[in-house]
Amino acid sequence: MPADAVDVAALTVVRGGRPVLTDLDLRVPAGQVTGLLGPSGCGKSTLLRSIVGVQRIGSGRVTVLDHPAGSRALRRSVGYVTQAASVYDDLSVGENLRFFARVLDVADAEVGRVLEVVDLSDRRDQVVGALSGGQRSRVSLAVALLGSPPLLVLDEPTVGLDPVLRATLWSLFHDLADAGTTVLVSSHVMDEAERCDRLLLMREGAIIADDTPGAIKERAGVDDVESAFLALVADAEGPR
Amino acid sequence: MTPRITLAVAARVLRQLRRDRRTSAMLLAVPCVLITLLWWMFRDLPADRFDQFGPGLLAMFPFIVMFLVTSVTTLRERSSGTLERLLSMPLGKGDFLGGYAVAFGLVAVLQSVLAVGISVGLLGLEVQGPVWLLTVVAVVDALLGTALGLLVSAFARTEFQAVQFMPAVVIPQILLCGLFVPRAALPDVLGAVSDVLPLSYAMDAMSTLVRTSDTAEVWSDLAAVLAFTMAGLLLGAATLRRRTP
Ligand SMILES: Nc1ncnc2c1ncn2[C@@H]1O[C@H](COP(=O)(O)OP(=O)(O)OP(=O)(O)O)[C@@H](O)[C@H]1O
Ligand SMILES: [Mg+2]
């Protein structure tokens with residue numbers, strides 16, 4: 001596996017006539033949990049969509065696992081969880097997973113395994129529309145885990161979950177990373193930052209910090225990532 | 001395209017339809033009920049007008065119903081994010097469109113067999129040509145509806161807009177297909193317009209089948225409808241982008 005799972009160079013994306021990402025450069029190291037954090041509307045989803053290869057980009061280059069983003073070779077290697085739980089509400093949990101398993105050409109046995117992982121085995125026959133919001137987003141996560149892809153791109157997978165479940169999912173992400181999977185997770189909740197191996201702090205379409213949580217806090221001379229973020233923003237706006 | 005994936009999509013769409021009991025019931029029952037209503041309307045009139053309008057309705061219902069169902073379901077797939085997820089997977093555009101076409105094509109077979117069966121078997125619609133061919137025409141009409149529905153769903157942002165395409169795309173075809181005024185008697189400009197509308201050919205095929213047992217013209221009309229259907233599916237595939245703004 002390459003040292004960097006994702007390499008973004010000079011990426012510019014314009015959405016709805018407005019530049020959302022401008023001249024962005026970043027790398028996501030393989031086999032770690034990288035958090036993409038930033039306020040709502042700063043362009044996290046847009047960046048993740050570019051990495052998955054479903055975003056129309058203006059210019060720049062996005063390389064994923066040594067292939068151009070979105071290329072055919074990657075379609076089995078990138079597990080993607082969109083911000084909205086993209087599963088079929090009118091089908092049962094098991095039917096949803098079996099359908100995606102068939103599309104990905106992975107064995108039906110995978111369905112049982114991923115349901116175990118997201119702790120939904122007992123809901124297999126329940127219709128997704130009748131699940132709670134958190135359960136639905138776990139079904140969506142389970143789909144991304146099918147076939148154990150080497151790169152997971154997860155857009156706010158922990159939103160709306162209780163603290164216990166959030167902790168469970170974060171430890172799942174670390175278990176996956178320990179097994180060699182690259183996990184890229186977005187969040188706008190700064191207290192989730194501490195749980196990441198590496199952080200990408202984003203603001204208004206630019207990366208303002210790219211380091212370990214410890215290094216980011218140390219450089220800003222504060223105790224938590226949220227204060228570090230605020231300090232970085234103040235610096236950026238600094239003496240005009 | 002990969003047959004495994006196309007069939008997986010088709011099976012999934014059919015399963016969703018089966019879950020939605022009300023839609024399934026409407027898909028199958030509504031055309032039969034409306035045809036019966038039409039027969040009843042004309043019952044006390046001296047001339048047998050049901051033979052004149054019946055074939056038109058057999059061409060229209062599968063078309064309209066499939067157009068609506070397809071445009072709304074595919075739009076829902078676009079807006080819920082499931083399409084975005086599928087397009088990040090090894091699914092070809094042809095698999096997606098083909099899967100829908102296969103699923104709704106099967107529904108159309110069932111729907112058309114019922115509607116034709118009731119018209120010919122119960123309501124006494126007189127058909128000179130082979131009844132099975134009448135069913136084939138109805139099925140191809142339904143496929144046409146599916147293809148156009150897939151196409152317009154690309155231009156609609158909301159389900160509400162998708163439904164608005166019905167008066168814009170479907171009703172002109174109904175008005176000009178020869179059901180109300182024979183196509184030959186239309187003003188020149190409207191006649192020319194009607195010549196490029198797919199439903200006109202479906203309607204021609206149906207009325208030829210009712211009038212005569214000579215099927216040569218039916219086949220050429222059927223070929224025209226199929227060509228429109230294929231063109232609709234290809235255009236639909238062109239509007240389906242992996243990368244969206
Ligand atoms: N479909 C779209 N068309 C046009 N502009 C869009 C579209 N989606 C998002 N944008 C714009 O792009 C910018 C970045 O949006 P994005 O969804 O990437 O933000 P985000 O960081 O994921 O926010 P959140 O935390 O709320 O999910 C926003 O200013 C938004 O207005
Ligand atoms: Mg977002």
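**Exercise 1. Which side chain meets A:D4 in a salt bridge, and what is the N to O distance?**

Before we start, note that this is a predicted model, in which local features need pLDDT of at least 70, side-chain atom pairs count only at pLDDT 80 or more, and totals for chains, interfaces and linings use all residues. Residues are numbered from 1 along each chain as its sequence is written, chains are lettered from A and ligands numbered from 1 in the order in which they are written, and side-chain values use heavy atoms, with hydrogens and water left out.

Solution.
- Step 1: The partner is A:R27, at 2.8 Å from N to O. A salt bridge here is a side-chain nitrogen of Lys or Arg within 4 Å of a carboxyl oxygen of Asp or Glu.
- Step 2: Place the two residues. A:R27 belongs to strand β2 of chain A and A:D4 to strand β1 of chain A, so the pair ties together parts that are 23 residues apart in sequence. Strands (E, at least two residues) and helices (H or I, at least four) are DSSP runs, numbered from the N terminus.
- Step 3: Check the exposure. A:R27 is partly exposed at 44% relative accessibility, and A:D4 is partly exposed at 25%. Buried means under 20% relative accessible area, exposed over 50%, and partly exposed in between (1.4 Å probe, protein chains only).

**Exercise 2. Work out the order of the strands in the open sheet of chain A.**

Solution.
- Step 1: Begin with β1(A) (residues 4–15) and β2(A) (residues 18–29), which run antiparallel and are joined by eight bridges. Two strands pair if DSSP finds at least two bridges between them.
- Step 2: Find a matched pair: A:V8 has A:L26 in β2(A) as its bridge partner.
- Step 3: Look at the turn. The hairpin has two residues between its strands, and A:G16 in the turn has a positive phi of about 55°.
- Step 4: Go to the next neighbour. β1(A) also pairs with β4(A) (residues 59–64), antiparallel over five bridges, and there A:T12 stands opposite A:S59.
- Step 5: Add β5(A), which pairs with β4(A) in the antiparallel sense over two bridges; A:V64 stands opposite A:H67.
- Step 6: Put it together: the order is β2-β1-β4-β5, with antiparallel pairing. The edge strands are β2 and β5 (67–68), each pairing on one side only.

**Exercise 3. Which residues coordinate the magnesium ion (ligand 2)?**

Solution.
- Step 1: The donors are A:S45 (OG) and A:Q83 (OE1), at 1.9 to 2.2 Å. Donors are N, O and S atoms within 2.8 Å of the metal (3.2 Å for Na, K and Ca); water is not among the atoms, so sites may look incomplete.
- Step 2: A:S45 sits in helix α1 (residues 44–52) of chain A and A:Q83 in the loop between β6 (78–81) and α2 (93–104), 38 residues apart.
- Step 3: A:Q83 is partly exposed, with a relative accessible area of 46%.

**Exercise 4. Find a salt bridge that crosses between chains.**

Solution.
- Step 1: A:D105 pairs with B:R4, their closest N and O atoms being 3.4 Å apart.
- Step 2: A:D105 lies in the loop between α2 and α3 (109–117) of chain A, and B:R4 in helix α1 (residues 3–19) of chain B.
- Step 3: Both ends are partly exposed: A:D105 at 48% relative accessibility, B:R4 at 27%.
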